[in-house]
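Q: I am new to this structure. Please take a close look at the part where helices pack together in the core, and set it in the context of the whole chain.

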Amino acid sequence: MATLYIDVPTRTKQEILRCVESRDEQNICTGIEQVIVQQIDGTSYVDVTHSIVRAVSLNAKSKALKKLFFYFIETFPKLDADGNLVQEALVFCNFLRQQLEHPNEFVRGRAIGLLAKLDSLEMVELLYKPLKDNLYHFSSYVRRNVYAALGAVYTQYRFEEIPHLLYECFSNETDTPSQLQLFSTLHTINTDLAERYLRNCDVQEMSPELLQHVLFFFRDDDFSRHCVLLSDRAVRFQAAMNLVESFAVSAPQRDVSDNAALRNNIDTILEIIKDDELAGLRRPALQLFREIYQRGVFSFKDYAVEILGLCDESDCELSRDVFSFAFEVSEPHEFIQVSDLLLGVFRRTVSLNERKLQYKTMLLISMADLVEMYGMYEDAMLDETVPCLADSSPELQFAAFQFLSAVSRLARERVVHIVLRSLRQIKFGKIFRYALNILRRSAGPAYVCELVAELEMLAADTALSYRVESSNIMYMAIVLTEVVLENKDAVGHSVVERAVALLLALSTHDIDLCTKSTVNSCIRLLIGGEPIRAASDDTILCGDNVLSPLVFSLIPVKKAAAFPISAKREDRVDVVQLTSLSDPLYCEANVQIMNSEVLVDVLCINQTEFDLHNVLFDFTFSSNLAIKTLISPFQMSPHAAREQQFVFRISEAMNSFVLGRVTFSYPDERKRFNATEMHTNLGEIKLSVLDFLRPQRMSAEHFRREWPKLEWENVYSLKFHVRESSADIARIAAQKMNSFVVNVETGDDFHIVNVSCVTEQGTVILGNVCVRKAEAVHFEARIRSRSEDIVKSLSAVLGETLRGLKD
């Protein structure tokens, strides 16, 4: 039933009664609308029922009134507080009986639909016979409504003859939509009768629409085998899908390798969905293929090219899934076919409207994935990618650089040459930094001089103003410094001087203080000095415009106490950016793990023009950590830097985290510091259980004695497809645990390794890794320790490692 939207002002009962008893049709409609709204809210209007019935009877030809009266009956409370039928409801029965015999088929259908919603058994019994009389009405619309209404009546009141009545209707029903409604209703209320009908009927005589509907509900293998031989493609598709799903469910009891029926059904599905007219069926088929592949039911060997044929340039999301699955099931010997097909599709995508542009971008990313997966590429792929580097679309240009990044590991010199020639065509900072990152990773001695020359031209070109933004200058300085230092002996002193001159020119631009500090540090590195440390709180960063300190040789000066963390600054394991470069207070942390402590050295830089007062750090951390440092507030002058040191004690080795926020106050327009307080959330510092482990030497006999003493055990198992051998997978797992290999047992298709390691707190961890490789890799690791958190954390790390291999 359609929803009724009513927006009228609320009226009193007397006003409503006056409206209903008036002779104006519009006023009567307004009154009935008010009654409907207030009945829905729970107000009783039993006393105005006769007035409404009389008004509708006197205006019997009004369709608007009749429609509202149907809504009135539907919302009217038909039972009293004791559950008995109210007398006024009998008036509705007479009205509905008349409508069930109305010559207009749509009025009949509306009355039948209302009857299906009645919540009174007495009313249904009074109207049941007129409802059955409509079972063989000439109008298919009426019959469909009768089938649905009888199903609703049976569900609520269980009239036993209804399923058999519906079953007998199959012999006379010829209208396809009515057949669909009839089968759906019968299948819902009595599955056995619905299946009896299917077994007794001739599938050749059933309409394709009905067969598709039936196959969706009825998953019988014999019925599906009959349907898969029919001529209608949509019916054959649904039948073949049913058979494949049935095979997947019963696969453990079947011989998968010799079952030709499964392959035939998959071939049938692929043949049908290749037709562009049935492209809408590709997504469910692909989902089923992926499911049976991941469950090991079917390997899809030599199917990669055929699956790639399902890509559709009008549906990028589907095509992305197609490429992903095709790459997953492909074999190395299919690389040429797969890459040629991708290239063919890429070349045919010429007219770049918005949809095709997305499709072509996705093709480039897919080619990059293919190259990274197999470690191979074709020259034609590279040739087709080069023109995209000059495209005005940032999406396509960035995808082209992603492909070059994948190829750079295989054709280093050629990619570096292409990237250098493309730098001037880039118009977006993110793409520019990505291209610099490719050069940072791949540029050798032969290209250092060319890189310096190219960056000189870019810095001098005033039309390319975006490249002299702070973030881009910082990245240019870092990349240039790393590449020059790495090849310093091969390129000579003149190139180093040119690099220093370029950095000096970059530092003169209008850049933020953090970027200027970075550029100055890079200059010091290139000329052989040490990188500049951040200035203290009462000085300007980088030592700019600061005089050399006065030295009084005759006055003894007490030597400042050495900061305990600074002595081991070079041993820090990680640098974590805690706030954004655009935040007023920039923070980054150097993190180092030493024995049973985590040392966090936070560099704070005030990037504002005013003082920051009451700067205070607040941390939240995992349960195995405890902070030892007393945290107190401090203040910072404009453009100053300060280091804050925090020490966390480790009570137990496990995957850990440190979260936090920093608060500070800064002045408003009237220079009042108590007016505004700023809260900035800090980035997460993650600590892995691996950071706390070291190998523990022990003999095989000692391993066997210790194993039963460790009460906590976690078993991690995974079945997946990967190209590495079982020995390589076991070796990777042992190395990931940072453990000592106690002993190894190998066979034709399995590899077993016993390993041992210990935490910095002295907790011993033993592991038994078993890898068996057949069609798929079966990995199982049993990890034991005296700590539950340790075995769970280590299992989680192993899982991430194996999923990385799988990807």
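A: A contact here means heavy atoms within 4.5 Å. By that measure, among contacts in the protein chain with a separation of 6 or more, 65% join residues 24 or more positions apart. The model is a predicted one.

Start with the whole chain. The protein chain has 807 residues, and 46% of them count as buried. Its secondary structure comes to 32 helices and 15 strands.

Now the core. The largest nonpolar core holds 182 residues. Within this core, Ile 266 and Phe 300 touch the most other members. Helix α20, residues 354-374, gives the largest share of the core, with 10 residues. Apart from this core lies another one, of 56 residues. Val 722, Ile 765, Phe 779 and Leu 794 are among the members of that other core.

Look closer at Ile 266. Leaving aside residues up to four places away in sequence, Ile 266 touches Val 244, Phe 289, Ile 292, Phe 298, Phe 300 and Tyr 303. Two of these names, Val 244 and Ile 292, return in a helix pair: Val 244 on α14 and Ile 292 on α16 take part in the contact between those helices.

Here is that pair. Helix α14 spans residues 233-249, and helix α16 spans residues 282-294. They pack at an angle of about 20 degrees, with axes 11 Å apart. Angles under 35 degrees count as roughly parallel, so α14 is roughly parallel to α16. The crossing of α14 past α16 is left-handed. On the α14 side, the contact is made by Phe 237, Met 241, Val 244, Glu 245 and Ala 248. On the α16 side, Pro 284, Ala 285, Leu 288 and Ile 292 make the contact. A helix turn helps in reading such lists: an α-helix has 3.6 residues a turn, so residues three or four places apart point the same way.

Another helix shows packing on several sides. Helix α11 covers residues 191-200, and its buried residues are Leu 193, Ala 194, Glu 195, Tyr 197 and Leu 198. These buried residues pack against α9 (162-169), α10 (176-189), α12 (208-217) and α13 (221-227). At the start of α11, a side-chain oxygen of Asn 190 comes within 3.3 Å of the backbone nitrogen of Asp 192.

Finish with one residue elsewhere. Ser 726 lies in helix α31, residues 726-736. Its relative accessible area is 13%. Buried means under 20%, so Ser 726 is buried. Not counting residues up to four places away in sequence, Ser 726 touches Phe 750, His 751, Val 771 and Lys 773.

How values were computed:
Residues are numbered from 1 along each chain as its sequence is written. This is a predicted model: local features need pLDDT of at least 70, side-chain atom pairs count only at pLDDT 80 or more; totals for chains, interfaces and linings use all residues. Side-chain values use heavy atoms; hydrogens and water are left out. A nonpolar core is a set of buried Ala, Val, Leu, Ile, Met, Phe, Trp, Tyr and Cys residues joined through side-chain atoms within 4.5 Å. Buried means under 20% relative accessible area, exposed over 50%, partly exposed in between (1.4 Å probe, protein chains only). Helices (H or I, at least four residues) and strands (E, at least two) are DSSP runs, numbered from the N terminus. A polar contact is a pair of N or O atoms within 3.5 Å; within protein, one must be able to donate a hydrogen and the other to accept it, and residues adjacent in sequence count only if both atoms are side-chain atoms. Axes are lines fitted to C-alpha atoms, for helices over the stretch in contact, and angles run from 0 to 180 degrees between N-to-C directions. Angles under 35 degrees count as roughly parallel, over 145 as roughly antiparallel, 65 to 115 as roughly perpendicular and the rest as oblique. A crossing is left-handed if the near helix is turned anticlockwise from the far one by less than a right angle, and right-handed if clockwise.
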